[in-house]
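Student: Pick one pair of partner residues and give me a close look at it. Then work outward from there, and spell out your cut-offs as you go.

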Amino acid sequence: MCGIAVIAGPRTRRQTLEDMIAVQSHRGPDAQGVYVNSDTSVGLGHARLSILDLTSSGAQPMSSPQGRSWIVFNGEVYNYIELREELRGYPFSSQTDTEVILAAYEKWGVGALERLEGMFAFALWDSHTRQLLVARDRFGVKPVYYKVANDGTLLLASEIKALHVAGVPAQANQAAWATYLLDGLYDHDDTTFWKDVKALPAGSYLTWNNGRLSINRWYDLAKHSGEEYDSRPIEEVESEYWGLLQDSVRKRFRSDVPVGINLSGGLDSSLLLGLVQDIQGADSDVQAYTFVTGDARYDEIPWVQQMLDKTQHPSTICQLRPQEVPELAESVQAHQDEPFGGLPTLAYAKLFAAARQNGTTVLLDGQGMDEQWAGYDYYANILSEGETVQRMAGPVQGTRQRTTRSECLTREFRCLAQEFSPPKPYPDALRNAQIRDTCHAKIPRALRFNDRISMRSSVELREPFLDHRLFELALRQPPDRKVRQSSSKWLLRHLATKFLPFAVATTPKRPLQTPQREWLRDELRDWANDCIEDTLRIAGGTWLDCDAVRSQWQEYQSGTVDSSFHIWQWISIALVDRVSRKTPNPNEVVCRS
């Protein structure tokens, strides 16, 4: 994992590229490099986190042998060994997946994207066609943000702050903030919280040629999975799916640096540990990392210990304490650039910091199974009650009350919110909900949060269950293989019982990972109150109705509200503003209306 920066057009300057890379140095602390073509119309910058081929042969920007193409790459192509075999005859000079992308492009052009298995964001300059190609992986694990200036110059980077350093004013996108505060909707399309800054959509590629910009979609999960249900015997499906799981996990251990795993007590990460044992054998000593908060209602140590008891895996426990939250929240906000998901994100930040301190540079995580196999409680409601996919943000696991407070927004600001109806590519509501959560709601948010907090500690996060082959197979399965007799992720649990401790494989999903709800009422009440008052000083009367916000804050403290999401939304405004004030950039402005 790394950081990339691109300038294409009349404002291409080496110094600007160097500044854009410097502000992303946490993404790649091992080396930095810049390439500017001969007529200074295109420049590429790179901050390297060395994972494969730790020698200087893996340095970027990297060129093809004759200098036709130059590339900067963030991510991993897990099937690079198999592709390298297909590309025999190419004069490889490194052992990197980066060079495999160059070779694949020179043989297959844009068609090479379909052959790549992995997480990636890369920019490739072809000097023959004078075209810049920027591509993002199928699920958008790796980020790309861009802005086209008035003179046609394209500015592009892995993080938004690099665009601000390049001169893009940090002005609030009021429509994005209004949509977030009204509907809880964010990371759902190409908009960001910053004016004129766009995100390249997942599964898309961008081309730039002499000032002409074009964006095309190269991967569509619904189209690749198809509408027809899989009618094969369940044993045949299980066999294929198990083989894909093994292949996905095995490939994600390809690394020249130590690899560890994030382990909670839930089914998904327990399945991940079981797969590691299955692939590497009983002597596997991969380091496991688990976060806790010191609250037995939420911590999953008993289930984690049950998984580890009969293995050789060393375990590191990382505890988040309430007194750490104020300072840590600002630090994490500085790396997120946009509102993030609350205390769970902070707990993960501590986990990644511990991994880096222990010398673990790569971590595997179990993200994706709930969306893949209908694991959230509301999926069962869709089947039993015929619920339709309505509000874009979707319901929230483990809460029964509304999560946002529209009455706290001023009428004028509420009108700025933009509607977004989730696509409904399937004839059934269940799969439409799965597509919504996978492509426009839960997974895009989680990927953004996790990318930034892992990169904050210069750790690469790999998601073996976010393999397109797994998703395509799962989405073809009929509903009774996902939810059966109120049991979620039925087929996955059926597989897991074959090799996981029974209590782990059958444990119900636990919706909350941290005591955020309780801490904001108790240990963090004063801090939360200060943040909310700061928010009202910033946005009171323009974005928010001060009296309504204070009334809702008082009601929340009474203990009758089961969701803290709206409280965290208001805290987020203050955090973004505080970070903006500390940024030494003359273009930076606070998040005001």
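Tutor: Start with D126, which stands opposite Q131 in β7. This is a predicted model, so local features need pLDDT of at least 70 and side-chain atom pairs count only at pLDDT 80 or more, while totals for chains, interfaces and linings use all residues. Residues are numbered from 1 along each chain as its sequence is written, and side-chain values use heavy atoms, with hydrogens and water left out.

The strands behind that pair are β6 (residues 118-126) and β7 (residues 131-136), which run antiparallel and share six bridges. Strands here are DSSP E runs of at least two residues, helices are H or I runs of at least four, and both are numbered from the N terminus. Two strands count as paired if DSSP finds at least two bridges between them.

Zoom out and you get an open, antiparallel sheet of six strands, ordered β4-β5-β6-β7-β11-β12. At its edges sit β4 (62-63) and β12 (212-217), each pairing on one side only. Helix α3 (residues 97-108) lies across β4, β5 (69-77), β6 and β7, at about 125 degrees to β5. For angles like that, axes are lines fitted to C-alpha atoms, for helices over the stretch in contact, and the range is 0 to 180 degrees between N-to-C directions. Just along the chain there's an oddity: Q60 and P61 are joined by a cis peptide bond, with omega about 0 degrees. P61 belongs to the loop between β3 (42-48) and β4.

Now for the other sheet. Five strands make up this open one, in the order β15-β14-β13-β16-β17, with parallel pairing. Its edges are β15 (315-319) and β17 (460-462), each with a single partner strand, so one side of each has no neighbour in the sheet. From one strand to the next, the twist averages 30 degrees. β13 (residues 259-262) pairs with β14 over two bridges, and N262 stands opposite Y289 in β14. With β16 (residues 362-364), β13 shares three bridges, and there I261 faces L364. Strand β14 (residues 288-292) has five of its five residues buried, where buried means under 20% relative accessible area, exposed over 50% and partly exposed in between (1.4 Å probe, protein chains only). A288, T290 and V292 point one way from β14, and Y289 and F291 the other.

The loops have a couple of backbone quirks too. D187, in the loop between α5 and β10 (198-199), has a positive phi of about 60 degrees without being a glycine; at 17% relative accessibility, D187 counts as buried. S458, between α16 (442-456) and β17, is likewise a non-glycine with positive phi, about 55 degrees, and at 9% relative accessibility S458 is buried as well.

On to helix packing. α5 (residues 174-183) and α23 (residues 565-582) pack at about 155 degrees, with axes 9 Å apart. That makes the two roughly antiparallel; angles over 145 degrees get that label, under 35 is roughly parallel, 65 to 115 roughly perpendicular and the rest oblique. W177, Y180 and L181 of α5 meet F565, Q569, W570, S572, I573 and V576 of α23, contact being heavy atoms within 4.5 Å. By class, these residues are seven nonpolar, two polar and no charged. Nonpolar covers Ala, Val, Leu, Ile, Met, Phe, Trp, Tyr, Cys and Pro, charged covers Asp, Glu, Lys and Arg, and the others, Gly among them, are polar.

Helix α10 (residues 325-336) packs on α23 too, at about 75 degrees with axes 9 Å apart, and is therefore roughly perpendicular to α23. A329, E330, Q333 and A334 of α10 touch S572, L575, V576, R578, V579 and K582 of α23. That contact has five nonpolar, two polar and three charged residues.

Last, the interior. The largest nonpolar core (buried Ala, Val, Leu, Ile, Met, Phe, Trp, Tyr and Cys joined through side-chain atoms within 4.5 Å) has 160 residues, with F122 and W527 making the most contacts inside it. Helix α11 (residues 343-357) gives the largest share, nine residues. Another core, of 20 residues, lies apart from it and includes V6, L44, W125 and L200.
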